[in-house]
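Please examine the sequence and the structure before attempting the exercises. Each task is followed by a worked solution.

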Amino acid sequence: MMRQYELVERVQRYKPDVNEALLNKAYVYAMQKHGHQTRASGDPYFSHPLEVAAILTEMKLDEATIAVALLHDTIEDTSATRQEIDELFGADLGQLVEGLTKLKKLDLVSKKAEQAENLRKLLLAISDDVRVLLVKLADRLHNMRTLDHVPLEKRQRIAEETMDIYAPLAGRMGMQDMREELEELAFSHINPEAHRTVTERLAGTFERTRGIIGEIEQSLSELFEQHGLKAEVSSRQKKPWSVFRKMEAKALSFEQLSDIFGFRVMVESLEDCYKALGIIHATWSMVPGRFKDYISTPKQNDYRSIHTTVVGPSRQRVELQIRTREMQQIAEYGVAAHSVYTDAGDKLNGSKAAVSRDTNAYAWLRRTIEALSEGDNPEDFLENTKLELFHDQVFCFTPKGGLIALPRGATPIDFAYAVHTDVGDSCVGAKVNGRIMPLITELQNGDEVEIVRSKAQIPPAAWESVVVTGKARSAIRRATRAALRKQYSGLGARILERAFERAGKKFTNDLLKPVLPRLARKDIEDVLTAVGRGELSSPDVLKAVYPDYKDERVTPKPKSREEGWFNLRNAAGMLFRVPGRSQTRRKKKEMEKSAVPIRGARGDLPVRFAPEGAVPGDRIVGILQPGSGITIYPIQSPSLTAFDDQPDRWIDVRWDIDEAMRERFRARIKVTAINEPGSLADISQIIASNDANIHTLSMVRTAPDFTEMMIDLEVWDLKHLNRVISQLKDMSSVSETRRVNG
């Protein structure tokens, strides 16, 4: 176990002015508090916080963070309290230790909703002070190194949690070395057989290619020396998890992998990176499509390097990374490499570490935290965050040259939402590299994307299955929910206006304010939406506003089914009466005025049509379907008998067609035709020549000589439909054509 002075010496190597008093005090305090506690391995418990502190010294973190590592389990596992920590070490350190104590209680692989909520807490804690993450990751790394001492069933759970959350989170923060070690340790427990097999194959490959690797290293070193470039060349081998993941993703055998070994070229300056690249490409042929410049366009986690693959000595493919030592530091330690130390005078907690909030890693974290505040449900947030944690990136440009980093597989819709939520919500089209392209186009590195917008646009719900970024998915869901709520609210307002008007009252939103508690709704919008959804009836609202109101309308007992239809519909304020009943023009105008106007399925109300359809010119009735809006039926539909005993669900509706927005409506017809070659073609020709469209068609042979067809037509109105039916009837090959209602 590391001694007290050894820990101080470790920090002194990179920070000579270390606050020894802070480290010594934290060391002694933690050791005393943990006392005789032991770990599952039998080692003294204090060895764990000490190893966590040692890991953080490798990242060259300040003494305040090292002290937090020593103390991170004291509140949770000993008699220490937050107040005691504050008094001895200061409120800043006390807050960090308490934050880590709360995170220790998280179970990220529990039930999905709980896992999502715990991930929220983790990211919120990190956003407050990134040192929480650094200590948490170091804590997890040491736990993974000693996982063999944990019971098998718990071991599997912890390994999955590490692979799902902590390893990719370390990668997003730019801490690549830690990510790789966490992945390897988790892989060895999740799939030990695969880990053992890949490790053995890699060891065998290394032995066989040791000579070639040495030859390539020497050739590269000599090449740089000839050109007077100071560079350090080293080889590296892919980790077993990285190899296994690539084999699984691309369905490759181990022998088909060509990039098991790679080489890193370390140079002194940024200019030397491009000089080294020029020397390499001038000597050996580059493999097309394998060049990436992450220096001019850094990754979101601030990673910078030049990647290229060439056909090198002995016609071997050689994968190269070219970077400076500073870039290497960031690649290894990520956000920890951005630590800035500020003198805190004689305060006991010594220097206080801050991490630059201008880093790309922090930018990703801020975007993720924004998603927390947008009100998505926990499962959505978890799904979207995991997607962003795992995706590789492509870099695209705005027309003004702005750089947008997106996950691989992203579409122009993702791009629009990455620019701004308002841009995504109003997106109707996109130009990629100057050409109009479908919104489902997969973007490539270097694409210039211009978004075409419209204020009238509402994001279709289907977009959610197309996009790959969490931000886009969340925004689409929010916009869809808001649009649907607006539709239901609008419908509810119209239903209440008509209901109050029939009662001889005038409806205003202000009437609802005093009765919200009675209606069990928190605001007026909720009342209107509930009425529109059919969850709250208009008579109930009317009674809540006017408790003394009595409906004096009388519904006579029906003498027949037809008479019963009329009475029920009349009691609900139906616009149209059944045939055979006279109606004055004035009365009809009054009823039309109180009816809800219907434009079509693309209108501003949650409307859908019955399977048999309805077209402008039909007499129609609306049936309120709880949770799904209004279903429109033609007045003659037999399906309406199912609602005879539910008058409160009948809604006054009328057509209100906007000539500027041409929309076809569906109607079902039945055609019986002679069963001979060409008859279907003739029927289709008549329909097409009349500017109608066949939406669906089904055929059932009813006799050897005749075929019965059920056709759903799309037409402009009733006059248009009747013209099509009339011309089909006139065909010599057609024996019958009639409209089907229900």
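The exercises below concern a predicted model and treat one helix, one of its residues and the nonpolar cores.

**Exercise 1.** Determine what span helix 27 should have, and compare it with the distance between its end C-alpha atoms.

*Solution.* Helix 27 comprises twelve residues, 718-729. The expected span is 1.5 Å times one less than the number of residues, which gives 16 Å for helix 27. The end C-alpha atoms are 16 Å apart, which agrees.

**Exercise 2.** Establish how the buried residues of helix 27 are arranged around its axis, and what they pack against.

*Solution.* First, list the buried residues: His-720, Leu-721, Val-724, Ile-725 and Leu-728. They cover an arc of only 135° around the axis and therefore lie on the same side of helix 27. In general, an α-helix has 3.6 residues a turn, so residues three or four places apart point the same way. Next, identify the partners of this buried side: strand 20, helix 26, strand 22 and strand 23. Finally, the face turned away carries the exposed residues Lys-719 and Lys-729.

**Exercise 3.** Is His-720 buried or exposed, and which residues does it touch beyond four places in sequence?

*Solution.* The relative accessible area of His-720 is 3%. Buried means under 20%, so His-720 is buried. Its contacts beyond four places in sequence are Arg-664, Asn-690, Asp-691, Ala-692 and Val-715.

**Exercise 4.** Identify the residues that touch the most other members of the largest nonpolar core.

*Solution.* This core has 95 residues, and the two sought are Leu-56 and Phe-224. Apart from it lies another core, of 51 residues, including Val-724.

Methods: Residues are numbered from 1 along each chain as its sequence is written. This is a predicted model: local features need pLDDT of at least 70, side-chain atom pairs count only at pLDDT 80 or more; totals for chains, interfaces and linings use all residues. Side-chain values use heavy atoms; hydrogens and water are left out. A nonpolar core is a set of buried Ala, Val, Leu, Ile, Met, Phe, Trp, Tyr and Cys residues joined through side-chain atoms within 4.5 Å. Buried means under 20% relative accessible area, exposed over 50%, partly exposed in between (1.4 Å probe, protein chains only). Helices (H or I, at least four residues) and strands (E, at least two) are DSSP runs, numbered from the N terminus. The arc is that of the directions from the helix axis to the C-beta atoms. Contact means heavy atoms within 4.5 Å.
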